Each structure stands twice: as C-alpha cells, then as structure tokens.
Amino acid sequence: MVAPESLSLAQARRLTLAAQGFADPTPTGAPTRRHLRRVLDRVGLIQMDSVNVLQRAHYLPLYSRLGPYPTALLDTAAYRRPRELFEYWGHEASLVPVGLHPALRWRMAKARDDAWGGMRRIAEEQPDLVAWVRDEVAARGPLTAAEIEHDAPRETGHWGWNWSAVKRALEFLFWAGEVTAADRTPSFARRYDLPERVLPAAVLDAPTPTDAEAYRTLVAVAARSLGVAAEPELRDYFRLPLAGARQAVAELVEAGELVPVTVQGWRQPAWRHVDARLPRWVRGNTLVSPFDPLVWERARTERLFGFAYRIEIYVPAAQRVHGYYVLPFLQGERFTARVDLKADRKAGVLLVPAAWQEPGVDPGETAVALAAELRRLAGWLGLDAVAPPAAGDLAAPLAAVLRSLTGVP
C-alpha cells in the first residue's frame, strides 16, 4: 500500500482557501458573468437563508471572493434564461448549478421518506390537496404560496412555523422535484412553477444516474471545492447518506480522483482532490458569511484554522457570546477577528454591535485591515457610513481606526 501524502496544517489551509476561490485574483474592473462562473465552479453551490439583518446569505459568498459586485449577476444566473442555477435542497436550501439536477434526483425520488415530517404527512394524509396544488401551479404558475392559499380548500390546523397545508404541499412538491422556484418576490417569497417551464430542456432530458453514480458526482464536487477534507465534510457538503458517501469516496480513490493524505493534527483520514493546487500564500482581507461553504462544517473549521465558530441567531440574546449575526474576518490565511454586523438601511449606516479579536493577533494591524473591509462592505450595501463598534475586545482599536478614516478626532 502506498503511504498517504503528508500535509502540514498551513498547507491544508492554503489548499482549502485556493479550492474555495480565495487565492484567485480579484477582478480589476466590474465583475462579470465570467467571474460569477469561476466562483460557482469553486464552491459548487450556494446556501440560501431568509435572515436579512445584513444581506441575504446567498449574495455574500460572491462578495467574499469578488469584492463588490452587482447582485443582479447572481439573480440573472438563478432566475433568468438561460438559467445556470436552480433552487433545491443541496447543503441546505441552496442555489445549485443546473448541471447537477440529475445528480440530485435520488433525493427527489425519496421525498416521501426523507422530507420533513409536515411535508410527508401532507402527502400521506391529504394527497388530493397535494394534487390540487400541483394542478394550480400547472394552470396558473408561477405562483406564491399566498396566491394559491387564497383559493385553497378550507383546512384546519397548522404545522411548524405556521405553514399552511398549501405551503406544506408546495414544499413537498418542491422536495419531490415536481415544482421548482421560478423566482423570488421582493419579500423573498418563492414563486413556484413547473420544472419544464423553468429549467433548460437539456437538463431535464439528461439521463438519471444511479444513486451510486449520483453520490460519486456529488462527493467529487465536494472534494474539488474543499481541496482537502475528511469523510464527514465530503458527506456534509450535499448532506449525503453515510453508506453512499463512503462508497463514493472509495470509488473516487480507486479512480485516482481522490488522493489519501494525512494532515498535521488531524486524527481522521483525509483526501486531497487530485486537481487541488497549493499556492505559496493567500493574501487579501475579507469578511465571510456564517453560511459560507468555507465554514459550513464547524469541526473542520476549528481543526483547520483553530477557529471555534458558531452562529448565534437562535441563541437567546442573554446567552450570546459574540452577537446575533457574526461574520468571521479572514486576513490572509487565518481568521483574525469576528464582527457582529447589522445594516441600518433607513439611516444608511453599517452598525457594528461588537468586534472581537482572535488570540495572538496584532490588534492594531487587524483593526486597520478590518476597518477597510467594513467600509468596502458598507459601500457595496449602499450604506454611507460605518458606526463605531459598541462592544468587544477589538472595539476600541477598531473605533480609533474608523475615526481616523473619516477625519473625526
């Protein structure tokens, strides 16, 4: 047996950052569709989330890699012909390249087994309502759930987050691939339509792979996007079943697409994608979304960067350590700070409820880099100013730098 390659932790970090697109050059002019595609090739898919305290989650990974870019680039790729992305359950709710539609049909086919409880129950207990909802979409789509609910048969009771029976039926149909997202309203409500009216015909006509072939495709995308990873991260990227992911890893190793490696300090076996490149360094400073694929798997983030991170949106306010919507600050090859942010769109100000430094960093150097990034982010969001941070151990030096940049003594 050939001994696995040996990687230092610094090499593993650089492999990961390069695979995720953080070593790519920043566009010199306005980012274009070509730059968008490059990022999509790097990350494989983009997670969505409804929280809008700063910016919709799916817009932020492109900002982190391209800098300020017109969000219409992503909207057009996802919701205008010829579509390059479609909404589906990838990692979580995600924008996924349309070419991966066949590789996700196994999940659609298992909707009655794998969809969340309320969706499964509506399919089992009210199949006539599900069929009626699909017929409504077919006849009148694209439609929001509210537009269908207006004419829906009377129903009693609600489930989950006050989802109506119509909403549950739509979400079951969405999971099953029988409807898809045509676009989103300004309030972020999904407008549903039939796949044949939304997705490219060539995608829908593509043959359906076996489950094993699909898992292999998705693990390969995950491996390419992660650069180097252990099995849990390769499986988690598309939330794959354990046995299927393990078999896919073994087959990709046998095919030479994955190379066994050991990483300094990692107890788990790991694999490097055969095309992963190792840059000499990674430069640049950027904020990273809580929903960025770089930090999806929190245990890996801690092993790789020594950065213990959790999102505290769902933590009671009194129990939060760092804040409500906290973004890690990537400075070169390491996370040096984390900052709680909120866009006050009415006042035109980027609020900084808290700013925290990581152990062992130079607070002055980090404050200078972070202040510049906050001003860049504010400009991208259409905000006129950055408020001084209100709390945190980096608050004082960061406030001083922000004051100096605005000429305030």
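Select threonine 26 to begin: this residue is partly exposed, with a relative accessible area of 48%, where partly exposed is the class between buried (under 20% relative accessible area) and exposed (over 50%), computed with a 1.4 Å probe on protein chains only. Threonine 26 sits in the loop between H1 and helix H2 (33-43); helices (H or I, at least four residues) and strands (E, at least two) are DSSP runs numbered from the N terminus. The model is a predicted one, in which local features need pLDDT of at least 70 and side-chain atom pairs count only at pLDDT 80 or more, while totals for chains, interfaces and linings use all residues. Residues are numbered from 1 along each chain as its sequence is written, and side-chain values use heavy atoms, with hydrogens and water left out.

With threonine 26 still selected, add arginine 65: the two are 39 residues apart in sequence, and their C-alpha atoms lie 7.2 Å apart in space.

Next, step back to helix H1 (residues 9-19), which is mostly covered, eight of its 11 residues being buried. Among the buried residues of H1 are Arg13, Arg14, Leu15 and Leu17. Just after H1, select glycine 21, which takes a positive phi of about 95°.

Move on to strand E4 (residues 93-97), where four of the five residues are buried. Strand E3 (residues 85-89) pairs with E4 in the antiparallel sense over five bridges, two strands being counted as paired if DSSP finds at least two bridges between them. Selecting tryptophan 89 shows alanine 93 of E4 standing opposite, and the hairpin that E3 and E4 form has three residues between the strands. Strand E2 (residues 46-47) is also joined to E4, by two bridges and in an antiparallel arrangement; here glutamine 47 has serine 94 as its bridge partner in E4.

For a view of the surface, select Asp113, Asp114, Glu124 and Glu125, which gather in a patch of negative charge. Helix H6 (111-114) and helix H7 (117-125) are the elements that give two or more residues to this negative patch. Patch members have over 30% relative accessible area and no salt bridge, and like charges are joined within 9 Å; a salt bridge is a side-chain nitrogen of Lys or Arg within 4 Å of a carboxyl oxygen of Asp or Glu. Within the patch, glutamate 125 belongs to helix H7 and is exposed, with a relative accessible area of 58%.

Now select strand E11 (residues 326-331), in which six of the six residues are buried. Val326, Pro328 and Leu330 point one way from E11, whereas Leu327, Phe329 and Gln331 point the other way. In a regular strand, side chains alternate between the two faces of the sheet. Strand E10 (residues 285-287) pairs with E11 in the antiparallel sense over three bridges, and threonine 286 stands opposite leucine 330. Strand E12 (residues 334-344) is likewise antiparallel to E11, with six bridges, and the bridge partner of leucine 330 in E12 is phenylalanine 335. At the turn of the E11 and E12 hairpin, which has two residues between the strands, select glycine 332, whose phi is positive and near 70°.

The last stop is alanine 400, found in helix H17 (residues 395-406) and partly exposed, with a relative accessible area of 34%. Adding alanine 371 to the selection gives a pair 29 residues apart in sequence and 9.6 Å apart in space, taken from C-alpha to C-alpha.

Methods: Patch = residues over 30% accessible without salt bridge, like charges linked within 9 Å, V, L, I, M, F, W, Y side chains within 5 Å. Areas by Shrake-Rupley, 256 points an atom, 1.4 Å probe, with all protein chains shown as cover. Lys, Arg positive; Asp, Glu negative; His and termini not counted. Charge placed at Lys NZ, Arg CZ, Asp CG, Glu CD.
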